Amino acid sequence: MKSEYINIRGTTTRNLVKYAYDTYDEVAMAELGFRYLAGRKVRKNVRKADYWFGLAAGAGSGYACYMLGQMAECNVGQFKGDDAAFYWYAMGAGLEDNECLNQLGIMYASGISVEVDEERAIELFTKAVEV
């Protein structure tokens, strides 16, 4: 069973947790990460957001990689700093997530956690537009 068969946003958090554990659905896990990060339908809990985004990233969610990268850049959660953000964006870029490709391009263009490489940055920006 995949997430398209249930209403992810309309499901209670308790049922969504059960569904995510039962199906290992990346969309359900990423939704739980978002809920805990934003405090939507649950009490805000950055530790649980890290947990669910981490599971979703491991299951192949580029969105979760992007969110973990954003959290790292803002020094929120378990993974902090530019090196951690680079790791998550690179992982998401490997999954062809356009937001991760764009952020990784910015890091290459700006020399954040990596040597400045304008050619690589342009490749990433171009790929981000194409996916």
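Among contacts in the chain between residues at least 6 apart in sequence, 38% join residues at least 24 apart. The model behind this value is predicted. The chain contains 7 helices and 0 strands. Read along the sequence, the pattern is α-α-α-α-α-α-α.

The overall dimensions were examined next. The radius of gyration of the chain is 15 Å. A compact globule of 131 residues would have a value near 14 Å, so the two agree. Along the principal axes, the C-alpha atoms fill a box of roughly 45 × 30 × 20 Å. Of the 131 residues, 41% are buried. The exposed surface of the chain comes to about 7,400 Å². Carbon and sulfur atoms supply 50% of that surface. One C-alpha to C-alpha distance can be set beside these values. Asn7 and Ala93 are 86 residues apart in sequence, and 27 Å separate them in space. Asn7 belongs to the segment before α1. Its relative accessible area is 54%, so Asn7 is classed as exposed.

The largest nonpolar core has 37 residues. Within this core, Phe53, Tyr89 and Leu104 touch the most other members. At least two core residues come from each of α1 (13-23), α2 (26-38), α3 (46-58), α4 (62-73), α5 (82-94), α6 (98-110) and α7 (118-130). The largest contribution is that of α4, with 7 residues. The surroundings of Tyr89 were listed without its neighbours within four places in sequence. On that basis Tyr89 is in contact with Tyr66, Gly69, Gln70, Glu73, Cys100, Gln103, Leu104 and Met107. Leu104 thus appears both in this list and among the core members with the most contacts to other members.

Cysteine pairing was then considered. The structure holds 0 disulfides. The sulfur of Cys65 has its closest cysteine sulfur in Cys100, at 5.5 Å. A disulfide requires the two sulfur atoms to be within 2.5 Å, so this pair is too far apart for a bond. Cys100 is likewise in no disulfide, its nearest cysteine sulfur being that of Cys65. Cys65 is buried, with a relative accessible area of 0%. Cys100 is also buried, at 0% relative accessibility. Cys100 is one of the contacts of Tyr89.

Charged pairs follow. Side chains of opposite charge can pair when their charged atoms come close. The count for this structure is 4 salt bridges. One of them joins Arg35 to Glu31, with the closest N and O atoms 3.1 Å apart. Both residues lie in helix α2. They are 4 residues apart, about one turn of the helix. Arg35 and Glu31 are both buried.

Another salt bridge joins Lys127 to Glu96, and its closest N and O atoms are 3.6 Å apart. This pair links distant parts of the chain, 31 residues apart. Lys127 is in helix α7, whereas Glu96 is in the loop between α5 and α6. Lys127 has 32% relative accessibility and so counts as partly exposed. Glu96 is partly exposed as well, with a relative accessible area of 44%.

Helix α7 also holds the pair Arg120 and Glu123. The closest N and O atoms of this salt bridge are 3.3 Å apart. The two residues are 3 places apart, about one turn of the helix. Arg120 counts as partly exposed, at 31% relative accessibility. Glu123 is partly exposed too, at 45%.

Backbone torsions were considered last. Most residues other than glycine have a negative phi. Lys41 is not a glycine, yet its phi is positive, about 70°. Lys41 sits in the loop between α2 and α3. At 54% relative accessibility, Lys41 counts as exposed. Ser113, again a residue other than glycine, has a positive phi near 65°. The loop between α6 and α7 contains Ser113. The relative accessible area of Ser113 is 33%, so this residue is partly exposed.

Technical notes. Residues are numbered from 1 along each chain as its sequence is written. This is a predicted model: local features need pLDDT of at least 70, side-chain atom pairs count only at pLDDT 80 or more; totals for chains, interfaces and linings use all residues. Side-chain values use heavy atoms; hydrogens and water are left out. A nonpolar core is a set of buried Ala, Val, Leu, Ile, Met, Phe, Trp, Tyr and Cys residues joined through side-chain atoms within 4.5 Å. Buried means under 20% relative accessible area, exposed over 50%, partly exposed in between (1.4 Å probe, protein chains only). Contact means heavy atoms within 4.5 Å. The radius of gyration is taken over C-alpha atoms; the globule rule is 2.2 Å times the number of residues to the power 0.38. Accessible areas come from the Shrake-Rupley method with a 1.4 Å probe; for residues, only the protein chains shown count as cover. A salt bridge is a side-chain nitrogen of Lys or Arg within 4 Å of a carboxyl oxygen of Asp or Glu.
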